[in-house]
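Please open the model in your viewer and keep the sequence panel beside it. The stops below are meant to be selected one after another.

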Amino acid sequence: MVNYFHILGLDEDATLNEIKAAYRELAKQYHPDRNPERWAADRFIEVNAAYMFLSDNERRLSYR
């Protein structure tokens with residue numbers, strides 16, 4: 001099973017604000033327009049998926 005908290009580098013008790021901050025930082029780092037490495041695009045997709053899942057309050061609470 002994918003650990004979305006691990007992808008964003010967070011503990012499982014992270015707040016929504018911490019999730020947003022981690023996402024923004026990682027999205028800047030791995031965005032294909034800013035990082036030319038081939039693997040960066042895949043990492044960007046993982047980070048985006050983790051944020052989309054964890055930013056939904058109901059999904060995040062059921063995930064724990």
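Begin with the whole protein chain and its contacts: among those between residues at least 6 apart in sequence, 52% join residues at least 24 apart. The model in front of you is a predicted one, and this should be kept in mind at every stop that follows.

Colour the chain by secondary structure next, and the display should show four helices and zero strands, with the elements running α-α-α-α from the N terminus on. The radius of gyration is 12 Å, close to the 11 Å that the globule rule gives for 64 residues, so the protein chain is as compact as a globular protein of that length. If you align the view to the principal axes, the C-alpha trace spans about 35 × 25 × 15 Å along them.

Switch on the surface of the protein chain, which exposes about 4,700 Å², with carbon and sulfur atoms supplying 47% of that area. Buried residues, by comparison, make up 34% of the 64 residues. If you then select the charged side chains, you will find 9 positive and 11 negative ones, and the centres of these two sets lie 5 Å apart.

Now hide the surface and select the largest nonpolar core, which has 20 residues, and in which Tyr4, Leu8, Leu10, Ile19, Val47 and Leu54 touch the most other members. Which elements give two or more residues to this core? They are α1 (4-8), α2 (16-30) and α3 (38-54), and the largest share, seven residues, comes from α3.

Centre the view on Tyr4, one of the core residues with the most contacts to other members. Leaving aside its neighbours within four places in sequence, Tyr4 is in contact with Ala49, Ala50, Phe53, Leu54 and Tyr63, and Leu54 is itself among the core residues just listed.

Move on to the loop between α1 and α2, where Leu10 lies. Not counting residues up to four places away in sequence, Leu10 touches Phe5, Glu18, Ile19 and Ala22. A distance drawn between the C-alpha atoms of Leu10 and Ala22, which are 12 residues apart along the chain, should read 7.8 Å.

Stay in this loop between α1 and α2 and select Asp13 together with Ala14, which is placed there as well. Which of the two labels, buried or exposed, applies to Asp13? Asp13 counts as exposed because its relative accessibility is 59%, and exposed here means over 50%. Ala14, on the other hand, is buried, with a relative accessible area of 5%, where the limit for that label is under 20%.

Two distances can be drawn from this pair. From Ala14 to Leu54, 40 residues away in sequence, the C-alpha separation is 9.8 Å, whereas the C-alpha atoms of Asp13 and Trp39, 26 residues apart along the chain, are separated by 29 Å.

Finish in helix α2 by selecting Glu25, which is exposed, with a relative accessible area of 57%. Draw one last line from Glu25 to Leu8, 17 residues apart along the chain, and the C-alpha atoms will be found 9.4 Å from each other; Leu8 is one of the core residues that touch the most other members.

Methods. Residues numbered from 1 in each chain as written. Predicted model: local features only at pLDDT ≥ 70, side-chain atom pairs only at ≥ 80, totals over all residues. Heavy atoms only, no water. Rg over C-alpha atoms; globule rule 2.2 N^0.38 Å. Buried < 20%, exposed > 50% of the residue type's maximum accessible area, 1.4 Å probe, protein only. Contact = heavy atoms within 4.5 Å. Areas by Shrake-Rupley, 256 points an atom, 1.4 Å probe, with all protein chains shown as cover. Lys, Arg positive; Asp, Glu negative; His and termini not counted. Charge placed at Lys NZ, Arg CZ, Asp CG, Glu CD. Core = buried A, V, L, I, M, F, W, Y, C linked by side-chain atoms within 4.5 Å.
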